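Visitor: I would like a close look at a single part of this model, with the criteria behind each term spelled out as we go.

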Amino acid sequence: GSLVDSRNSLKRSQADPRAMSKFFVCQSTNCKRLESEKLLRDLEELCSLSPGCQAVHSGCLDLCGRGPNVKIQTPGDQKVVEGVKTFKAARSLLEKHGVKLRKVDFQVAEVKYEARRQKTSEDRLSKVQQGFKAIGGETSTKEPQLASSLFALRAEERVTQDATKALEDAKKAMELTPDLAGPRWTAALAMLKLGQVEQAREECGRAQDGSGSYNKEHMRLVTRQLAEIQQPKAEPPKAEPP
């Protein structure tokens, strides 16, 4: 696990920031309706595999109704691409701007892209299993970072139905990539559902120190629930003496 993180940190430190492509994904209300939050996560996860790009959220890019829209900033140039509505379009966006990834990276990324957009939980989980198949199964040790992202996505899906299984998946992801925030936020949410408040509080602290893509809704739920638990209960008013 830590080897993966060290290797990726080294990749990033070796990347010349002046040569980096930055992808600003619009998070305005209109683009969010067109699933730009999911697109941001797709691009964040793809960019985590390459030293040459970074995906970040952006305010409105003034092309409302044509989204999801992405502003691309490269050395000496910037432009906005509208309507990035398919995985093929997202992949093309990266490849046209010098981002080089392996076939298996794109295979797993496409499965996760599709999983996030399926209508039913059964279909989303089925897509995740396709991803595991592409890397040689859940127990394969060949692709720890890709495996971690699949365990994390499955944990996100399971947390509303089966917190115990979700926590198992999140822990597998955390073992493989200890530096990442994503599985830690989901683990903290699962812990809260299981009544493990102190463990959830500790995991929340680690998640805040973590890096990478994460489920924003899980982060909001965890922080809100922990804040509510921390608030002391109001004492009942004292009875007036007769």
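Visitor: In which sense do strand 3 and strand 4 pair, and over how many bridges?

Guide: Strand 3 and strand 4 pair in the antiparallel sense, over 5 bridges (strands are DSSP runs of E with at least two residues and helices are runs of H or I with at least four, both numbered from the N terminus; two strands pair if DSSP finds at least two bridges between them). This is a predicted model, in which local features need pLDDT of at least 70 and side-chain atom pairs count only at pLDDT 80 or more, while totals for chains, interfaces and linings use all residues. Residues are numbered from 1 along each chain as its sequence is written, and side-chain values use heavy atoms, with hydrogens and water left out.

Within this pairing, I72 of strand 3 has K79 of strand 4 as its bridge partner. The two strands, strand 3 and strand 4, form a hairpin with 2 residues between them, and G76, which sits in the turn, has a positive phi of about 80°.

Strand 3, residues 70-74, also pairs with strand 1, residues 21-26, again in the antiparallel sense but over 4 bridges. Here V25 stands opposite V70 of strand 3, and K22 stands opposite Q73 of strand 3.

Taken as a whole, the sheet is open and consists of 4 strands in the order 2-1-3-4, with mixed pairing. At its edges stand strand 2 (53-58) and strand 4 (77-81), and because each has a single partner strand, one side of each is left without a neighbour in the sheet. On average, neighbouring strands are turned by 20° against each other, with direction ignored (axes are lines fitted to C-alpha atoms, for helices over the stretch in contact, and angles run from 0 to 180 degrees between N-to-C directions).

The two faces of strand 3 can be told apart by their residues: V70, I72 and T74 make up the covered face, whereas K71 and Q73 make up the uncovered one (buried means under 20% relative accessible area, exposed over 50% and partly exposed in between, with a 1.4 Å probe and protein chains only). Of the opposed residues named above, V70 therefore belongs to the covered face and Q73 to the uncovered one. Helix 3 lies across strand 1, strand 2 and strand 3 (contact means heavy atoms within 4.5 Å), and this helix runs at about 160° to strand 2.
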